[in-house]
Amino acid sequence: MELEAKLEKKSIKKGSRAKNHLLLKLKTPPPPSIVNRQPLVIGLAVDKSWSMKGEKMESTIEAASALINWLTRHDYISIIAYSADVQIVQSVVQLKDKSAIIDKLHSLEVATSTNLSGGWLQALRAVEASDVPNSYKRVILLTDGQATMGIKDPEQFSKIASDHFARGISTTTIGFGDDFNESSLRDIALAGGGNFYYIQSPEQTNEIFFKEFGDIGALYGQALELKLKTVPGVKIIELLNDLPHQKVGSDVLTIQPGDIRSDDIRNLVLNVEVDSSLNSDLDQEGVCTVELSYYNLFENMKFDKLKTVVLLGFADMDSEVDNEVVLERILATAARTMIRASALIQQGETNHARDMLVQMIGKVDENQSIAPDILKPLLSRLRIMEHKLKDNTSNASKQFLAAGTEIYSRTDMIDLMGVEVHDSIFEFQTAGDIDLYKCPDIKNTVQNQMNDGYRFMIFDLNNTRHIDSSGIGTFIQIVGWLRRRGGEFVVTNISDGVRKIFSLTRLENHIRVTDSIQEARNTIQNIIDTRQKD
């Protein structure tokens, strides 16, 4: 992992006091193809209250079935369903007989009430009790309503999440529909080191599980912690990112960013104040030290540490700003604005929320030239949210919270510095079936091409008659790698056997499939042409 720290203004006048912004950038490498990922132990806690009846439950079962088919025979799963009671649908089991587990899922029947804490705690207990060496453990909690039984206090929920995260079990939360408590679910995910998702309609369920598997299937580091120690004359005012953090005394701040996947970048922005009249040696000792510690999943959970010093110079005039820091400050502020607006909407202060949003739109608009590829889509999104606020929809607060969370995570973006991407298409013809033993070579081939700037790829599967769950996982990772670079992945010439697997795992909803190489080329060219017009 790489750790970089830099200030928005790299120099100030000697003897002056000024506000500044500090960017911390964490960057991970692509997964080495020679290393098999650690087994996953997944606990699914599914709401089966009466409001889940019909299409909601059907979509959840289909998405959960697809998730089971994405996972490999080396992974483990437990399924808990909860309403007034808590039902152990499947105790922790290795995924050797997927059909039997999916059959149990299809036997779920809705009932009354919502014992959310009971279902979640049972899933946490099952996952924690599993004795799987060097495994990654995560519970996925899905609900469409308020907790009506058991624990109801949001603070207790957060404590449960943080306590289990400290013991190596993270929690992702999924809110379904209009009746759940979005603030509580997001707080659980935040304290539990997982993700928060909002599902408006049943057809989105599979997409959310697809995103989540892409996240937990390629992890690089766990239990990340950043420790900042400032020197005299430097004060940390606030962390702009919504992450767990603690201040120790006046000069130490610790931040827990959660887990990080491979081939990813995590940016954190802090508002700092520098008073050089209190310390004339800032240009020699720096404004603070930053230490990153984490468990490296690529090296058998080795405890790694990185350290850097944030430098600042003195000059007769303030230096020009660093546009990368400005960009990240704008993005973090936009995310924070959306989340604060969500809280205001819940409190009935819609006008205040609208004023905040309008101000944010103006800031993004006036800074578009810094990074148009990133800020133009952000501006469009903010304007869409403004229209939703005008429409005064019942789920506006949920939409704002979900949008802010997504901006913070920026899972669709990657740092491309040092790589000149282009729009040429890499075409690859697979040789034989795609299984656990072929996947490392395929990943290695893709990564080499990405290093050469390719982000559009076509896989010709004419010679492939079967693809196993490891191959499915590899395709999901490739889709993520390319789309985060603004590219696309297309497969073509798939056999009936492979098409059946794509249908079974719902991959056809996430990966573009064409009938011929020429159609695949045309599909990518249309994407490129449309982007150039925009």
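Q: Accessible areas come from the Shrake-Rupley method with a 1.4 Å probe, and for residues only the protein chains shown count as cover; what area does the chain expose?
A: This is a predicted model, in which local features need pLDDT of at least 70 and side-chain atom pairs count only at pLDDT 80 or more, while totals for chains, interfaces and linings use all residues. Residues are numbered from 1 along each chain as its sequence is written, and side-chain values use heavy atoms, with hydrogens and water left out. Carbon and sulfur atoms supply 47% of the exposed area of the chain, and that area comes to about 23,000 Å².

Q: How many helices and strands are in the chain?
A: Helices (H or I, at least four residues) and strands (E, at least two) are DSSP runs, numbered from the N terminus. Counted in this way, the chain has 15 helices and 21 strands.

Q: Which radius of gyration does the chain have?
A: The radius is taken over C-alpha atoms, and the globule rule is 2.2 Å times the number of residues to the power 0.38. The C-alpha trace spans about 70 × 55 × 50 Å along its principal axes. Because the chain has 534 residues, a compact globule would have a radius near 24 Å, and the value for the chain agrees with this, being 24 Å.

Q: What percentage of contacts in the chain, between residues at least 6 apart in sequence, join residues at least 24 apart?
A: Contact means that heavy atoms lie within 4.5 Å. Of the contacts between residues at least 6 apart in sequence, the share that joins residues at least 24 apart is 77%.

Q: What percentage of the 534 residues are buried?
A: Buried means under 20% relative accessible area, exposed means over 50%, and partly exposed lies in between (1.4 Å probe, protein chains only). By these cut-offs, the buried part of the 534 residues is 55%.

Q: How far apart are the mean positions of the positive and negative charges?
A: Lys and Arg count as positive and Asp and Glu as negative, whereas His and the chain ends are not counted. The place of a charge is taken as NZ of Lys, CZ of Arg, CG of Asp or CD of Glu. With 60 positive and 73 negative charges in the chain, the two mean positions are separated by 2 Å.

Q: Which residue forms a salt bridge with Lys25?
A: A salt bridge is a side-chain nitrogen of Lys or Arg within 4 Å of a carboxyl oxygen of Asp or Glu, and a search of the whole structure finds 28 of them. In the bridge of Lys25, the closest N and O atoms are 2.3 Å apart, and the partner is Glu324. This pair links distant parts of the chain, 299 residues apart, with Lys25 in strand E3 (residues 17–27) and its partner in helix H8 (residues 323–346). Lys25 is buried at a relative accessible area of 4%, and at 18% the same term applies to its partner, Glu324.

Q: Which residues are joined into one network by salt bridges that share partners?
A: Another bridge brings together the side chains of Arg483 and Glu488 at 3.1 Å, N to O, where Arg483 is partly exposed at 33% relative accessibility and Glu488 is buried at 7%. The network made by shared partners consists of Glu4, Lys6, Lys10, Lys25, Asp322 and Glu324.

Q: Which residue, 66 residues apart from Asp259 along the chain, has its C-alpha atom at 6.6 Å from that of Asp259?
A: Asp259 belongs to strand E13 (residues 252–261) and counts as buried because its relative accessible area is 8%. Leaving aside neighbours within four places in sequence, its contacts include Tyr136, Arg138, Phe165 and Arg266. The residue whose C-alpha atom is 6.6 Å away from that of Asp259 is Gly193.

Q: What is the phi of Asn493?
A: Asn493 is found in the loop between strand E20 (488–492) and helix H14 (496–504), and at 24% relative accessibility it is partly exposed. Although Asn493 is not a glycine, its phi is positive, at about 55°.

Q: What is the phi of Arg506?
A: Arg506 has its place in the loop between H14 and strand E21 (512–514), and it is partly exposed, with a relative accessibility of 23%. Arg506 is a residue other than glycine, yet its phi has a positive value, near 60°.

How values were computed. Areas by Shrake-Rupley, 256 points an atom, 1.4 Å probe, with all protein chains shown as cover.
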